[in-house]
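Here's a quick tour of the model you're about to load. Keep the viewer open and follow along.

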Amino acid sequence: MSDTATPAAEGPRYDFRAAEPKWQQAWADRGCFHVDDVPTDGKPKYYVLEMFPYPSGKIHMGHVRNYTLGDVVARYKRARGHSVLHPMGWDAFGLPAENAARERGVHPAKWTYDNIAAMRTELKRMGLSLDWEREFATCQPEYYRHQQKLFLDFLAKGLVERKESWVNWDPVDGTVLANEQVIDGRGWRSGALVEKKQLSQWFFSITKFAPDLLAALDTLDRWPERVRLMQANWIGRSEGARLRFDLAESAESVEVYTTRPDTLYGMSFLAIAPEHPLAAQVSATDPKAAAFVAECRSKGTSEAVIETGEKLGYDTGLRVKHPFIEGATYPVWIANFVLMEYGTGAIFGCPAHDQRDLDFARKYQLDVTPVVLPPGADAKTFAVGKEAYTGPGTAYNSGFLDGLEVDAAKRGAIDALAKQNQGEGVTNWRLRDWGVSRQRYWGCPIPIVHCDSCGAVPVPDSELPVKLPEDVTFDRPGNPLDHHPTWKHVACPSCGKPARRETDTFDTFVDSSWYFARYCCASDTTQPTARAAVDHWMPVDQYIGGIEHAILHLLYSRFFTRAMKETGHIAVDEPFAGLFTQGMVNHESYKSAEGTWLYPEEIEKRPDGTAIHKETGAPVTVGRIEAMSKSKRNTIDPGEIIARYGADTARWFILSDNPPERDMEWTESGAAGAFRFTQRIFRLAENLPAASDKPADFGAAGRTLRRATHKAIAAVTEAWEGFAFNVAVARMYELANAVTDAERAADEPGLGWARREAIEAMARLCAPAMPHLAEEIYALLHPAAGTLVADLPWPEAEPALLIAESVKIAVQVMGKLRGSVEVPPNAPADSVIAAAEAEPNVARALEGKRIVKRIHVPNRIVNFVISG
RNA sequence: GCCCGCCUGGCGGAAUGGUAGACGCAGCGGACUUAAAAUCCGCAGCUGGCAACGGCGUGCCGGUUCGAGUCCGGCGGUGGGCACCA
């Protein structure tokens, strides 16, 4: 070592507790991360956005990961010469605030703003390169007044509808859930079993954009393929036919949607959803039918069915006529597997070519007639057993369709139906309109007044915002806005007579469907978006967040952006040009002998991997690694980690563990290892010799180190660029190892200069990940400069130093490695092959064989193909 | 049931079709220390061999190729999304 060793018992040399606040202050003082709404600096723009947090009160490791990833991108792009918009705010409406009000008597607003204050402090400790001047919370009237304006503009454009419809009622949250928000028959937030209930509510007409929302997925080439697939499946385009079946005994008819009109001749029944109007009609006079319908409703959507897999039906006794076969009629069943929300709420059953229909037919002994003959099958012997045939083939047993392939038969059937005026080809979508009415207090009021004379009347722009009243009580279930003694009583804006305010508030997904646009012009109080600013910054160049938002939030935001474009508030169609979905942060879980979950700090790990309870010494079961959750007590508080190791260590470990799109495991030893690294590179910086002029020539050690430095610059740049953040970290460890080697090498002229070069490169390369340490080291190297790393351009590798002095070529015989030879880079093939043949171990393998072929890949490999 | 992803040492993982296991974590051995901590040096896929050197090896089976973790086909496992979607 060229310097005295670290004295014993001395604390960490790099004092992050002093350094981190110091540099955070320096960045703030210089306004490093501020950008103008409409910049005039001529730099290319780059908008980095991480999904804004719900203010629960404390940040968790998922936030640390999310915001670290975003900060790496923001700082890197900034160094690359972009003007970077990197804002932060709060998704501040939502049920937890109301739950807190009900449980603890604290007002939702106070609870929310207190939480925001606490979380802002914690976030600021992370040292993120944010423009805090753009901060807002969606619960501020200054934000939601513009949202109300957007709603009114959408309404005027015909993008909002009020519909009477069956809704999912969450009895615990006392709120309506969109179908998309019901999971296994339970509310996605409350977990309560959902009941069906009919309500009148507001819908955004997202289905009007279904074709475009689907088609435009192809343009999102910087989105993960699987997210695009998930959205495509969710939108669910299908081609089929809508056709009318006439009832045999009356003039009425039933409309059916099918994707397989080619199998009409294989029909054996017609089935309708329990919510279908015809089912209600039958139930009116048939108590058994009524009982069956009631049973289906109380069973909820799917859970019981999933468990039993049983398809249940009730034969109404009604019969329908076949559109093609004169005189043929089929029974009409009410079936629990037919969805009212999809297609027309009625299907025709062709058991031979649909598995569900087949299961149903077998259960109730209905006919199974195959009408599609698989290629090569014999029409006389082909039969359907327990598996429906859904593959390609030729129509048979199908009258005029006989002999046609599936696609041709579909067209033939549709043409015939159209000719008879009984049906037509249609495109069907799985996507449904977005119901946004919520019967709760802590949300954005829907700016509508209900008048007995005029109906639903929009609140005039001049009266916005419709503010939430502050004096509300939570002493009974239901919506406090509805209970409020005066708030809802207003004069009709249209006729002036007494009328009532809409007491529903918006789904909080509305708040998060346009916040990214608002950030661009957060200080403009007059309008939702200032076009010059929004047109400059949008779309978001890199959006980063959890995969759990792959469908709803992203799809709603895509809809909102289109609706805002139609109403003149934005120029783009797509809000997010680039999307990155991060994995979860997991941790081991621990259980005591009594079966209770234990916090990580309550246990002590032993070298063999087992664990004991710290206080009692009792053995502890080390459970599986799973998502951090309060109930499992396997949470790690980022605040404590930052207090103990500093923000840079937390950021570094979270980047280093694994690729950012995968789930990671937070480990104590990994965090400690990251901390050691921060100390190590600081020590390498402290041990540097004094600055000197760049020498004309370097010795062997100096040349080796300089090559390592410039290779690292190239490799880390590529890794940051490609979201291979764990690889970037690995390359910096390699550089640190190279500096350590140089530190230990015999001194030679210029080596000190090379070491300083390496450490300066290290500081600047690691700055996106460890910005405080980077500043500290840079200041150590340039005490008088007064320059911040945050303001420096990105380092460039010298191309000449990326070329190795010699390369090691692997030599294979028949694809098996037999040795290697050291040759100059780009050496001529002849000389490389000659050297390879001469290598002793290779020569032995070649002895007595005939070389059939010599393969030479420059700078990489030689392979001999031999015979005999 | 449908759709998607993933599968590499004890662990996280690296690897434009070209020396599999970089880098880190954990581990082992050593140096320093009265001792510990910290730090530094070294070892480390499995297997045979004293060694030189060999055999096997990226979930399994096959294919393409001079050469496959990587490309293709099939199978298995695992994780996720959606789900009676007609």
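## The big picture

Chain A holds 26 helices and 35 strands; both are DSSP runs numbered from the N terminus, with helices being H or I over at least four residues and strands E over at least two. This is a predicted model, where local features need pLDDT of at least 70 and side-chain atom pairs count only at pLDDT 80 or more, while totals for chains, interfaces and linings use all residues. As for bookkeeping, residues are numbered from 1 along each chain as its sequence is written, chains are lettered from A and ligands numbered from 1 in the order in which they are written, and side-chain values use heavy atoms, with hydrogens and water left out.

Of the 868 residues in chain A, 53% are buried. Buried here means under 20% relative accessible area, exposed means over 50%, and partly exposed is in between (1.4 Å probe, protein chains only). The chain exposes about 38100 Å², with carbon and sulfur atoms supplying 51% of that; the areas come from the Shrake-Rupley method with a 1.4 Å probe, and for residues only the protein chains shown count as cover. Take the contacts between residues at least 6 apart in sequence: 71% of them join residues at least 24 apart, a contact being heavy atoms within 4.5 Å.

## A mixed sheet near the end of the numbering

Look at the open sheet of four strands with the order 33-32-35-34 and mixed pairing. Strand 33 (816-823) and strand 34 (850-857) sit at the edges with a single partner strand each, so one side of each has no neighbour in the sheet. On average, neighbouring strands here are turned by 20° against each other, direction ignored. Strands count as paired if DSSP finds at least two bridges between them, and the angles, which run from 0 to 180 degrees between N-to-C directions, use axes that are lines fitted to C-alpha atoms, for helices over the stretch in contact.

Strand 32 (residues 807-813) and strand 35 (residues 861-867) run parallel, joined by four bridges. One spot to click on is A810, whose bridge partner in strand 35 is I861.

## An antiparallel sheet

Another open sheet of four strands has the order 20-19-22-21, this one with antiparallel pairing. Its edge strands, strand 20 (455-458) and strand 21 (489-491), each pair on one side only. The average turn between neighbouring strands in this sheet is 40°, direction ignored. Four bridges hold the antiparallel pairing of strand 19 (residues 448-451) with strand 20, and C451 stands opposite G455 in strand 20.

## Helix 23

Does the geometry of helix 23 add up, and how many of its residues are buried? Helix 23 (residues 751-766) has 16 residues that should span 22 Å at 1.5 Å a residue, and its end C-alpha atoms are 22 Å apart, which agrees. The expected span is 1.5 Å times one less than the number of residues. Of those 16 residues, 15 are buried, so helix 23 is largely enclosed by the rest of the structure.

## Salt bridges

The structure holds 38 salt bridges, each being a side-chain nitrogen of Lys or Arg within 4 Å of a carboxyl oxygen of Asp or Glu. One of them joins D262 to R260, with the closest N and O atoms 3.0 Å apart, and both residues are buried. R438 and D507 meet in another, at 3.2 Å from N to O. That pair links distant parts of the chain, 69 residues apart: R438 is in strand 18 (residues 437-438), while D507 is in the loop between strand 23 (505-506) and helix 14 (508-511). R438 and D507 are both buried.

K488 pairs with D482, again through a salt bridge, with closest N and O atoms 3.0 Å apart. Is each partner buried or partly exposed? K488 is buried at 16% relative accessible area, whereas D482 counts as partly exposed at 38%. There's also a network of salt bridges linking D212, R558, R562 and E574.

## Backbone oddities

Most peptide bonds are trans, and most residues other than glycine have a negative phi. A cis peptide bond joins L464 and P465, with omega about 0°; P465 lies in the loop between strand 20 and helix 13 (480-483). M538 and P539 are also joined by a cis peptide bond, omega being about 0°, and P539 is in the loop between helix 16 (531-537) and strand 24 (542-546).

On the phi side, N826 has a positive value near 55°. N826 is in the loop between strand 33 and helix 25 (829-838) and is exposed, with a relative accessible area of 59%. N859 has a positive phi too, near 65°. You'll find N859 in the loop between strand 34 and strand 35, where it counts as partly exposed at 30% relative accessibility.
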